[in-house]
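Reader: I've got a model open and I'd like to learn how to read it. Could you walk me through a few features?

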Amino acid sequence: MILDQRSSHVQRIFQIPEIILPSHDVCVKQYSRAQNQDSRIIIEIEEVDNMVTYFPSLAISCTEIAPHAAQVSHVSGANSKAGHSESASNALRDVHISAQLMENFLQLARDNTDKDLETCGVLGAFLKEEIFYATTLIVPKQESTCNSCQALSEEEIFAIQNERSLFPVGWIHTHPSQRCFMSSIDLHTQYSYQVMVPEAIAIVVGPTDNTRSYGIFRLSDSGGMSILKECEEKGFHPHKELSSGDALYEDCSHVYINPNLRFEIFDLR
């Protein structure tokens, strides 16, 4: 991560771990090195006890240890206005994700949220015994407005995914002042993930949504994927309704909240 060498930027570097490290079961032994090499600031974070030691190469990252023997819970979309299809999810492999990862993302997005700007991140997962475990959150450089967010320097995202052999299992973004739903632009973004990995999910976090704190969605196999495949429009635009009356997207029923997962966060901004 190439940064301006001004003191304000250096200060921001040291603040990030304070945000993304949890307060429970985690202690940081030391910042073992902070030095300038080839115009790059490198921070090494060494963790103790049963924590792993991790030395990031591209950006600052932290690893969270999970609580012991916590219960895995199935995500239910019963309160959503999106469609819901059990038959579609029966053919999908399960996806496990930590609720703490979503909470930490919301904290990282707080400055943007206060300015009514969206924030987005990419989810990376490994596959074990036909289950996807989302263990990596990448927050890329990005351009944001109150109702859109565009990732930049995508080669940095791909580098992290390739180094760790991760599947692009979905993405997460905020709706700072709107409810949890999928806009027409969101649907196109989700299509690009789901066409690669059918199990890919779109997490929408709505800090001001009084009905639900987040939604986990995917395009419907019955029509959403085909409509988005044929749509060439850009920006915000309506999509034609399905003759079957089905929704273009639905709540995921193949997702499980797993508090036992340990995860990494890369903030490349």
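Author: Sure, let's start where a helix begins. At the start of H3, a side-chain oxygen of Ser98 comes to within 3.1 Å of the backbone nitrogen of Gln100. Keep in mind that this is a predicted model.

Reader: Moving along H3, which residues are buried?

Author: H3 covers residues 99-108, and its buried residues are Leu101, Met102, Asn104, Phe105 and Leu108.

Reader: Why do the buried residues of H3 line one face of the helix?

Author: The general idea first: an α-helix has 3.6 residues a turn, so residues three or four places apart point the same way. Here, looking down the axis of H3, the buried residues fall within an arc of 165 degrees, so they line one face.

Reader: On to the cysteines. How many disulfides does a search of the whole structure find?

Author: Zero. Take Cys120: its nearest cysteine sulfur belongs to Cys149 and is 3.1 Å away. A disulfide needs the two sulfurs within 2.5 Å, so this pair doesn't count.

Reader: Is Cys120 buried or exposed?

Author: Buried, because its relative accessibility is 8% and the cut-off for buried is under 20%. Cys146, at 36%, counts as partly exposed.

Reader: And what does the protein chain come to overall, in helices and strands?

Author: Seven helices and 16 strands. Of its 269 residues, 50% count as buried. The chain exposes about 13300 Å², with carbon and sulfur atoms supplying 48% of that. As for contacts with a separation of 6 or more, 72% are between residues 24 or more positions apart.

Conventions
Residues numbered from 1 in each chain as written. Predicted model: local features only at pLDDT ≥ 70, side-chain atom pairs only at ≥ 80, totals over all residues. Heavy atoms only, no water. Buried < 20%, exposed > 50% of the residue type's maximum accessible area, 1.4 Å probe, protein only. Helix = DSSP H or I, 4+ residues; strand = E, 2+ residues; numbered from the N terminus. Arc of directions from axis to C-beta. Polar contact = N/O pair within 3.5 Å; in protein donor to acceptor, adjacent residues only side chain to side chain. Contact = heavy atoms within 4.5 Å. Areas by Shrake-Rupley, 256 points an atom, 1.4 Å probe, with all protein chains shown as cover.
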